[in-house]
Amino acid sequence: MLVTMKLSLFQSVIFVLSFRIYATVKVSVFYETLCPDCIAFIKNQLHPNYKAFGSSLIDLQLIPCGFEHESVVNGSKIFICQHGQNECYGNRVHGCVIALYSITISESFAACSESSDNPASKEALQSCASSNQISWPDIEMCISSIVGEKIMEANEKITAQLNPRSVPTVVFNGGFNENDANQSIDDLKGVICKYLNNNPPQCRSNINPSIIVL
């Protein structure tokens, strides 16, 4: 009986070890939809690494705002973006998608639209919504309502708290570190693995996630 109990305990330990659970790193990405550096980062760093590590290891937060800010013109509130009103439209669409859908779907949508020839155009955004099973009528309802406006205001508030000097800016585990932010622009995998203590097998692989093609 004692031998049986010891064997059962040993088997349980082996079972637990065979399903090792790694820590999770929170990655917050502050970006604009028409910023060339943001487009390059999402295409070449964020998307391939998110696909490689997955949502079980990366707790992703997307904040599409950048240097967007509110202004009042002739008594009406408007949003002004660094790259024009098309970018404000793109930011609002991204914001609504992120608010209404899972982060996995939202990241895939963002990567799709940022990889298009005109990332903030209605055609590109609608096409990427369709390819990710996102209801375009629901997104249009969101962006044209007070809901979309409140989402933009919330993203602006979060961004203002960080007050980034440039975009994209990447924050890990809720605390800004300039060295990590700078490294992540060209080596997101390296920073992620540092926070995960190089434990996941993805960190020990010599394969560069940026070779992953959409």
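The bend at a residue is the angle between axes fitted to the seven residues ending there and the seven starting there. The exercises below work on a predicted model.

**Exercise 1. Describe the geometry of helix H2: where does H2 bend, and by how much?**

Step 1. Locate the helix. H2 covers residues 36–53, which is 18 residues.

Step 2. Check its span. The expected value is 1.5 Å times one less than the number of residues. For H2 that gives 26 Å. The distance from the first C-alpha to the last is 25 Å, close to the expected value.

Step 3. Look for a bend. Applying the fitted axes, H2 bends by about 40° at Ile-42.

Step 4. Look past the end. Gly-54, just after H2, has a positive phi of about 80°.

**Exercise 2. Find which residues of H2 are buried, and what they pack against.**

Step 1. Set the cut-off. Buried means under 20% relative accessible area.

Step 2. Apply it to H2. The buried residues include Cys-38, Ile-39, Phe-41 and Ile-42. Further along, Gln-45, Leu-46, His-47, Pro-48, Asn-49, Tyr-50 and Phe-53 are buried as well. Ile-42 is thus on the buried list, and the bend sits at Ile-42.

Step 3. Check a cysteine. Cys-38 has a relative accessible area of 0%, so it is buried. Cys-35 is at 5% and also counts as buried.

Step 4. List the partners. The buried residues of H2 pack against strands S1 (25–31), S2 (58–64) and S5 (169–172). They also pack against helices H4, H8 and H9.

**Exercise 3. Determine how many disulfides the structure holds, and how the bonded cysteines pair.**

Step 1. Count. There are 4 disulfides.

Step 2. Number the bonded cysteines in sequence order. The pairing reads 1-2, 3-6, 4-5, 7-8.

**Exercise 4. Characterise the link between Cys-96 and Cys-142.**

Step 1. Test the distance. A disulfide needs sulfur atoms within 2.5 Å. Here the sulfur atoms are 2.1 Å apart.

Step 2. Assign the hand. The torsion about the S-S bond is about -80°, so this disulfide is left-handed.

Step 3. Place the ends. Cys-96 lies in helix H3 (residues 85–100) and Cys-142 in helix H6 (residues 136–143), so the pair ties together parts 46 residues apart in sequence.

Step 4. Judge exposure. Cys-96 has 0% relative accessible area and is buried. Cys-142, at 5%, is buried too.

**Exercise 5. Work out the exposure of Cys-112 and of Cys-128: buried or partly exposed?**

Step 1. Confirm the bond. Cys-112 and Cys-128 form a disulfide with sulfur atoms 2.1 Å apart.

Step 2. Place the ends. Cys-112 belongs to helix H4 (residues 103–114) and Cys-128 to helix H5 (residues 122–131), so the link ties together parts 16 residues apart in sequence.

Step 3. Read the accessibility. Cys-112 is at 25%, so it counts as partly exposed. Cys-128 is at 2%, so it is buried.

Step 4. Add the hand. With -80° about the S-S bond, the link is left-handed.

**Exercise 6. Explain why the disulfide of Cys-193 and Cys-203 is assigned its hand, and place its ends.**

Step 1. Confirm the bond. The S to S distance between Cys-193 and Cys-203 is 2.1 Å.

Step 2. Use the torsion. It is about -100°, so the disulfide is left-handed.

Step 3. Place the ends. Cys-193 lies in helix H8 (residues 178–195) and Cys-203 in helix H9 (residues 201–204), so the pair ties together parts 10 residues apart in sequence.

Step 4. Check burial. Cys-193 is buried at 4%. Cys-203 is buried at 14%.

Note on methods: Residues numbered from 1 in each chain as written. Predicted model: local features only at pLDDT ≥ 70, side-chain atom pairs only at ≥ 80, totals over all residues. Heavy atoms only, no water. Helix = DSSP H or I, 4+ residues; strand = E, 2+ residues; numbered from the N terminus. Buried < 20%, exposed > 50% of the residue type's maximum accessible area, 1.4 Å probe, protein only. Contact = heavy atoms within 4.5 Å.
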